[in-house]
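Trainee: I have a new model open and would like to learn how to read it feature by feature. Could you walk me through it?
Mentor: Gladly. Let us put it on the screen and begin.

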Amino acid sequence: LKNPFAGILFCEKCGAIMKRYLPHPKESPIAWYRCQTRGCNCKMVKCEVVENSIRDAMEDWLENYMLQIESDHQPKADPITTALEAVQGQLAQLQSQQENICEYLEKGVYTIDMFTKRNASLTKEIKQLQSAEADLLRQQGEGKQKKQATAQIIPTTQHILDNYDSLTITEKNRLWKLVLRKVTAYRTPDGKLSVHIYPKLPKAI
């Protein structure tokens with residue numbers, strides 16, 4: 001493997017994958033990235049330039065992301081946990097009421113008709129709360145997955161940046177694929193380069 005971004009570097013203009021290209025292997029060791037789409041006006045760009053641009057972009061992203069995480073971790077009430085506790089409390093009360101009406105029926109306090117109507121009403125409310133509870137539990141699980149992804153991506157990205165020059169091409173490619181969904185690059189006909197990184201993070205809840 002000679003390309004650290006194999007499989008994750010795409011042309012920003014047309015979306016095609018960009019591959020490493022050595023136009024004159026006997027005359028010059030300089031490698032280039034080029035779009036694979038015939039007719040696309042994305043110009044070839046030196047691999048070293050793209051690689052340095054991606055490293056710089058990841059360093060800036062990591063710094064800003066860590067500041068965001070630090071801000072998000074300030075002590076505050078979790079609205080999902082608060083809502084879940086409230087729903088579960090209401091659910092427990094309704095289930096207790098449903099048990100009570102069974103006793104009322106057995107003791108003759110409720111007629112069968114009264115019991116049937118009250119039980120149907122409680123069952124409907126319980127199902128609605130159970131649905132709300134399931135949705136909140138799903139959101140809570142997604143939040144935990146996001147924290148786990150955060151716990152992985154920060155040290156992995158830091159490891160790549162700190163040890164980049166000592167990593168092999170294969171190691172770079174494997175590690176970049178852990179933290180990046182993709183990278184797009186485009187060099188205009190007049191030579192201006194734009195590079196965009198897409199870190200591998202879950203969607204916000």
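Trainee: How many disulfides does a search of the whole structure find?
Mentor: First, keep in mind that this is a predicted model. As for the general idea, a disulfide is a covalent bond between the sulfur atoms of two cysteines. Here the search of the whole structure finds zero disulfides.

Trainee: Which cysteine sulfur is closest to that of Cys11, and why is there no bond?
Mentor: The closest one belongs to Cys40, and at 3.7 Å it is too far for a bond. The cut-off to apply is 2.5 Å between the two sulfur atoms. Taking Cys40 as the starting point leads back to Cys11, again at 3.7 Å and too far for a bond.

Trainee: Is Cys11 buried or exposed?
Mentor: Buried counts as under 20% relative accessible area. Cys11 has a relative accessibility of 2%, so it counts as buried.

Trainee: Now the interior. Which residues touch the most other members of the largest nonpolar core?
Mentor: That core has 35 residues, and the ones touching the most other members are Phe5, Leu9, Tyr33, Ile54, Met58, Trp176 and Leu180. Elements giving two or more residues to this core include strand E1 (9-11), strand E3 (32-35), helix H1 (47-72), helix H4 (169-179) and strand E5 (180-187). H1 gives the most to this core, with eight residues.

Trainee: What is Leu9 in contact with, leaving aside its neighbours within four places in sequence?
Mentor: Leu9 is in contact with Ile17, Met18, Tyr33, Val50, Val183 and Ala185. Apart from this core lies another, of eleven residues, with Phe115, Leu122, Ile126 and Leu129 among them.

Trainee: Let us turn to strands. In what order do the three strands of the open sheet run?
Mentor: A useful general idea comes first: in a regular strand the side chains alternate between the two faces of the sheet. In this model the order is E2-E3-E4, with antiparallel pairing. The edge strands are E2 (18-21) and E4 (45-46), each of which pairs on one side only. Between E3 and E4 there are two bridges, and Trp32 has Lys46 in E4 as its bridge partner.

Trainee: Do E1 and E5 run parallel or antiparallel?
Mentor: They run parallel, joined by three bridges. To find one of the pairs, look at Phe10, whose bridge partner in E5 is Thr184.

Trainee: And how many bridges join E5 to E6?
Mentor: Seven, and these two strands run antiparallel. Leu180 has Pro199 in E6 as its bridge partner, while Lys182 stands opposite Tyr198 in E6. The hairpin of E5 and E6 has five residues between the strands, and there Gly191 takes a positive phi near 95 degrees.

Trainee: I would also like to read a pocket. Which residues lie closest to the centre of the second largest pocket?
Mentor: With a pocket, it helps to look at the space and then at the lining. The second largest pocket holds about 170 Å³ of space. It is lined by 13 residues, and the closest to its centre are Arg20, Ala31, Cys47, Glu48 and Glu51. H1 and H4 each supply at least two residues of the lining, with H1 giving the most, three residues.

Trainee: Where does Arg20 lie, and what does it touch beyond four places in sequence?
Mentor: Arg20 lies in strand E2. At 35% relative accessibility, Arg20 counts as partly exposed. Beyond its sequence neighbours, Arg20 touches Lys2, Asn3, Ala31, Trp32, Tyr33 and Cys47. The C-alpha atoms of Arg20 and Phe5 are 9.1 Å apart, with the two residues 15 apart along the chain.

Trainee: One last residue: is Glu133 buried or exposed?
Mentor: Glu133 is buried, because its relative accessible area is 18% and the cut-off is under 20%. Glu133 lies in helix H3, and not counting residues up to four places away in sequence, Glu133 touches Leu84, Val87, Gln88 and Leu91.

How values were computed: Residues are numbered from 1 along each chain as its sequence is written. This is a predicted model: local features need pLDDT of at least 70, side-chain atom pairs count only at pLDDT 80 or more; totals for chains, interfaces and linings use all residues. Side-chain values use heavy atoms; hydrogens and water are left out. A nonpolar core is a set of buried Ala, Val, Leu, Ile, Met, Phe, Trp, Tyr and Cys residues joined through side-chain atoms within 4.5 Å. Buried means under 20% relative accessible area, exposed over 50%, partly exposed in between (1.4 Å probe, protein chains only). Helices (H or I, at least four residues) and strands (E, at least two) are DSSP runs, numbered from the N terminus. Contact means heavy atoms within 4.5 Å. Two strands pair if DSSP finds at least two bridges between them. On a 1 Å grid over the protein atoms alone, a cavity is a set of points where a 1.4 Å probe fits but cannot get out, and a pocket is an open set with protein on both sides within 12 Å along at least five of seven lines; lining residues have an atom within 4 Å of a point. Grid points are joined across faces, edges and corners, and a volume is the space filled by probe spheres set on the points.
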